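Please open the structure in your viewer and keep the selection panel at hand. The tour below proceeds one selection at a time.

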Amino acid sequence: MNQKMDASIRRVVLIGFRGAGKSTLARALAVETKWPVVSTDERVEKLIELKIAEIVDKFGWAKFRDFETKVLREISRKTQIIVDCGGGVIENSQNMEILRPQSLVVWVDAAPDIILKRLESNKERPLLTEAGWKPDVWVHYFRRKPLYEKYSDLRIDTGTVSHDQNIETIMKELRKK
Ligand code: S3P
């Protein structure tokens, strides 16, 4: 993980696989910091006026990623926010160059079997592959893992560590900066 050089952290950026618990943590961090949550998925949905699944269906993944980069550029101009990123944000290195300066980037992680259980009970997300949730998680989780690691300052585990403890860890890190 990277050591931060700049002293002033102006936003918290949550990255990590789908189902790892980014949105739950984002809401709790918003309460702690009094900073609002900005969700990249919600911003894309608002921009295109369609749900993520419909956007992917209509335009394909590559176009969805372009929309994602477009909203990230806007978000990167804002400070004192908690950014709840879509799980694939690390797929494009440019995205992380846009987001990283002056951010505390937190990798919200959990073991893939735990993630799989959470995803199987949620019907709204589009599959990354045609093959089903299991290959989706197993193939993409392990492929993305080094990227989440590369771009984060801190990793927290929502599968084995309590929610409150994770919030405390992040807040402690924020106060250090
Ligand atoms: C994606 C994760 C989703 C959403 C889109 C693509 C991914 O966000 O951006 O379906 O590539 O992992 P969440 O991580 O919030 O589910």
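Begin by selecting the ligand in this predicted model. Around the ligand stand 14 residues, and the closest are K22, D41, R65, R125 and R144.

Next, display the side chain of K22. One of its N or O atoms is 2.7 Å from an oxygen atom of the ligand. Turn then to R125, where a polar side-chain atom lies 2.7 Å from an oxygen atom of the ligand. Select R144 as well: a polar atom of the R144 side chain also lies 2.7 Å from a ligand oxygen atom. Taken alone, the ligand exposes 390 Å², and the protein buries 95% of that area.

Now show the protein surface. Where does the ligand sit? The ligand occupies the largest pocket.

Colour the shell around the ligand by residue class. The shell has six charged, five nonpolar and three polar residues. Which helix supplies the largest share of this shell? Select residues 61-75 to find helix 4, which contributes three residues, the largest share.

Finally, move to the salt bridges. A search of the whole structure finds nine of them. To view one, select R18 and D136, whose side chains meet in a salt bridge with an N to O distance of 3.6 Å. This pair links distant parts of the chain, for R18 and D136 are 118 residues apart. R18 belongs to the loop between strand 1 (11-15) and helix 1 (22-33), whereas D136 belongs to helix 7 (residues 133-151).

Note on methods: Residues are numbered from 1 along each chain as its sequence is written. This is a predicted model: local features need pLDDT of at least 70, side-chain atom pairs count only at pLDDT 80 or more; totals for chains, interfaces and linings use all residues. Side-chain values use heavy atoms; hydrogens and water are left out. A residue is near a molecule or strand if one of its heavy atoms lies within 4 Å of it. A polar contact is a pair of N or O atoms within 3.5 Å; within protein, one must be able to donate a hydrogen and the other to accept it, and residues adjacent in sequence count only if both atoms are side-chain atoms. Accessible areas come from the Shrake-Rupley method with a 1.4 Å probe; for residues, only the protein chains shown count as cover. On a 1 Å grid over the protein atoms alone, a cavity is a set of points where a 1.4 Å probe fits but cannot get out, and a pocket is an open set with protein on both sides within 12 Å along at least five of seven lines; lining residues have an atom within 4 Å of a point. A molecule sits in a cavity or pocket if more than half of its atoms lie within 2 Å of its grid points. Helices (H or I, at least four residues) and strands (E, at least two) are DSSP runs, numbered from the N terminus. Ala, Val, Leu, Ile, Met, Phe, Trp, Tyr, Cys and Pro count as nonpolar, Asp, Glu, Lys and Arg as charged, and the others, Gly among them, as polar. A salt bridge is a side-chain nitrogen of Lys or Arg within 4 Å of a carboxyl oxygen of Asp or Glu.
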